[in-house]
Amino acid sequence: MDHTRTPLFTALLTHAEKNPIQFHIPGHKKGVGMDPEFRSFIGDNALSIDLINIAPLDDLHQPMGVIEEAQKLAAHAYGADHTFFSVQGTSGAIMTMIMTVCSEGDKIIVPRNVHKSVLAAIIFVGAKPVFIQPARDKNLGIDHGIPTRSVRRALEKHPDAKAVLVINPTYYGVCTNLKEIVDLVHSYNMPVLVDEAHGVLIHFHDKLPMSAMEAGADMAATSVHKLGGSMTQSSVLNVKGNRVNPKRIQTIISMLTTTSTSYILLASLDTARRHLALNGYAMAERTIELAQYTRKQINEISNLYCFGEEILGEEATYNYDPTKICVHVRKLGITGFEVENWLRDHYNIEVEMSDMYNILCLITPGDTQENVDTLLDALRELSHMNDDVVEVKEVVIKVPAIPQLTLTPRDAFYGETEILPFKDAADRIIAEFIYVYPPGIPILLPGEVITQELIDYIVEHVEVGLPVKGPEDRSVQNVKVIVETQAIF
């Protein structure tokens with residue numbers, strides 16, 4: 001295929017050059033009808049291709065022209081049989097995967113540290129999650145991948161499940177042995193779904209982990225916008241093999257997608273594919289070099305640690321993406337959240353996320369040596385400021401156990417509920433989500449039993465200022481639980 005072509009973007013440019021008189025939405029009509037300051041900032045070029053699914057531009061809901069061509073080029077670039085563009089982000093692509101293979105009452109095997117979009121789809125469809133515990137790094141305070149042995153046990157116990165979902169790479173860049181898991185699950189003639197939100201570059205360089213399509217997975221939701229140069233909210237759903245029906249996928253993704261699809265987002269997927277297909281190896285090579293330089297320099301700074309190849313060797317830490325820079329800050333005597341705020345206030349640096357013990361920085365093809373050196377200067381200063389901190393005890397970081405799921409998430413979410421003070425809710429069944437975002441992984445989800453350990457864990461996160469979200473009560477002072485009938489004595 002000719003990857004110099006951009007069928008959708010080229011069609012948009014051709015259409016804009018014709019400058020047709022528009023009697024259709026959007027109502028701003030190439031910016032004329034919108035706020036002048038916003039128009040000036042965005043620019044008339046962008047506004048001229050802010051269009052809708054008129055005949056020359058094809059229709060994402062039933063692509064038969066330039067969008068279909070663009071998706072075929074993308075499939076070739078990503079090693080897929082079919083690729084579907086998503087303007088609902090990777091969340092929409094993930095929900096499409098699950099709703100394609102599951103119906104009400106079906107089981108699906110998933111890691112417990114899945115993104116909230118997985119649980120949203122499970123609630124929508126009425127499926128039953130079978131959770132696998134990811135490998136937990138109690139020194140770093142983060143989750144890694146799921147071990148093959150845990151997948152095998154889940155399959156032996158639940159051979160009637162409809163699919164297995166794997167996160168690869170994790171938010172922190174760690175990969176499980178995906179090929180081994182795919183082969184195992186396929187031996188049960190069961191499809192493998194991959195949350196590949198943080199893995200678009202791995203398609204284009206042999207020094208990066210194996211991609212989902214290369215491993216033979218059936219579907220993978222991939223955030224092109226996160227690392228691959230498309231615009232925020234644009235992603236792809238890659239499909240391979242015959243265990244899933246692409247026509248069914250088209251139906252589901254269409255149900256979840258706005259009928260007013262953004263052609264700016266779609267065009268950015270088309271052009272990002274071109275850039276990656278033609279230049280992806282060189283882009284990834286430069287990014288890897290910059291990331292490894294950053295990692296090496298961080299590990300020479302007192303009281304900071306950025307993991308690398310030394311954590312590999314287990315089933316759940318089979319490989320890693322070096323472009324994810326996870327900086328462990330516990331020995332500074334402050335939280336990752338405090339480090340994030342300090343970097344913002346003193347160096348105008350914004351990191352990807354922070355947690356109790358770490359900050360996460362993403363090195364992408366958009367970074368420069370100057371960017372990285374500024375980060376390193378900031379971290380050196382921060383370390384020097386904390387040289388006299390009281391010695392941090394080498395304690396094992398507490399990570400709560402997976403709570404017991406006693407109702408399906410759908411039954412709990414739509415069940416009869418009452419509001420209780422969160423600190424008094426031990427042993428009750430929660431009816432809403434509590435999660436830290438980013439990365440959007442639920443600590444509690446509808447149907448699980450609230451334990452005192454989890455209450456203490458969440459309260460600690462709230463008190464240090466970490467972004468705990470989900471409950472209707474944004475302060476997390478109160479929580480919605482399932483109404484329980486009092487026992488008769």
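This report covers the overall form, two sheets with their packed helices, and one cavity.

**Overall form**

The model is predicted. The protein chain contains 16 helices and 20 strands. Its C-alpha atoms fill a box of roughly 75 × 60 × 50 Å along the principal axes. The chain has 489 residues, and a compact globule with that number would have a radius of gyration near 23 Å; the protein chain has 23 Å, so the two agree.

**The sheet of 4 strands**

Strands of a sheet pair through backbone hydrogen bonds, either parallel or antiparallel. One open sheet here has 4 strands in the order β11-β13-β15-β14, and the pairing is antiparallel. Its edge strands are β11 (305–306) and β14 (353–354), each of which pairs on one side only. Inside the order, β13 (residues 324–328) pairs with β15 (residues 358–362) over 5 bridges, in the antiparallel sense. H328 has N358 of β15 as its bridge partner. Helix α12 (residues 263–298) packs on this sheet and touches β11 and β13. The direction of α12 makes about 10 degrees with that of β13.

**The sheet of 3 strands**

A further open sheet has 3 strands in the order β18-β17-β19, again with antiparallel pairing. Here the edge strands are β18 (441–444) and β19 (468–469); each pairs on one side only. Strand β17 (residues 434–436) meets β19 over 2 bridges in the antiparallel sense. The bridge partner of Y435 is K469, in β19. Helix α16 (residues 452–463) lies across β17, β18 and β19. Helix α16 runs at about 125 degrees to β18.

The two helices and their angles are set out below.

| Helix | Strands | Angle |
|---|---|---|
| α12 (residues 263–298) | touches β11 and β13 | about 10 degrees with β13 |
| α16 (residues 452–463) | lies across β17, β18 and β19 | about 125 degrees to β18 |

**The cavity**

The structure holds 1 cavity of 30 Å³ or more. The largest cavity has a volume of about 60 Å³. Which elements each supply at least two residues of its lining? They are β1 (82–86) and α11 (246–256). The lining consists of L60, H61, Q71, F84, F85, S86, V87, Q250, I253, S254 and T257. By class, these lining residues divide into 5 nonpolar and 6 polar, with no charged residue.

How values were computed: Residues are numbered from 1 along each chain as its sequence is written. This is a predicted model: local features need pLDDT of at least 70, side-chain atom pairs count only at pLDDT 80 or more; totals for chains, interfaces and linings use all residues. Side-chain values use heavy atoms; hydrogens and water are left out. On a 1 Å grid over the protein atoms alone, a cavity is a set of points where a 1.4 Å probe fits but cannot get out, and a pocket is an open set with protein on both sides within 12 Å along at least five of seven lines; lining residues have an atom within 4 Å of a point. Grid points are joined across faces, edges and corners, and a volume is the space filled by probe spheres set on the points. Ala, Val, Leu, Ile, Met, Phe, Trp, Tyr, Cys and Pro count as nonpolar, Asp, Glu, Lys and Arg as charged, and the others, Gly among them, as polar. Two strands pair if DSSP finds at least two bridges between them. Contact means heavy atoms within 4.5 Å. Axes are lines fitted to C-alpha atoms, for helices over the stretch in contact, and angles run from 0 to 180 degrees between N-to-C directions. The radius of gyration is taken over C-alpha atoms; the globule rule is 2.2 Å times the number of residues to the power 0.38.
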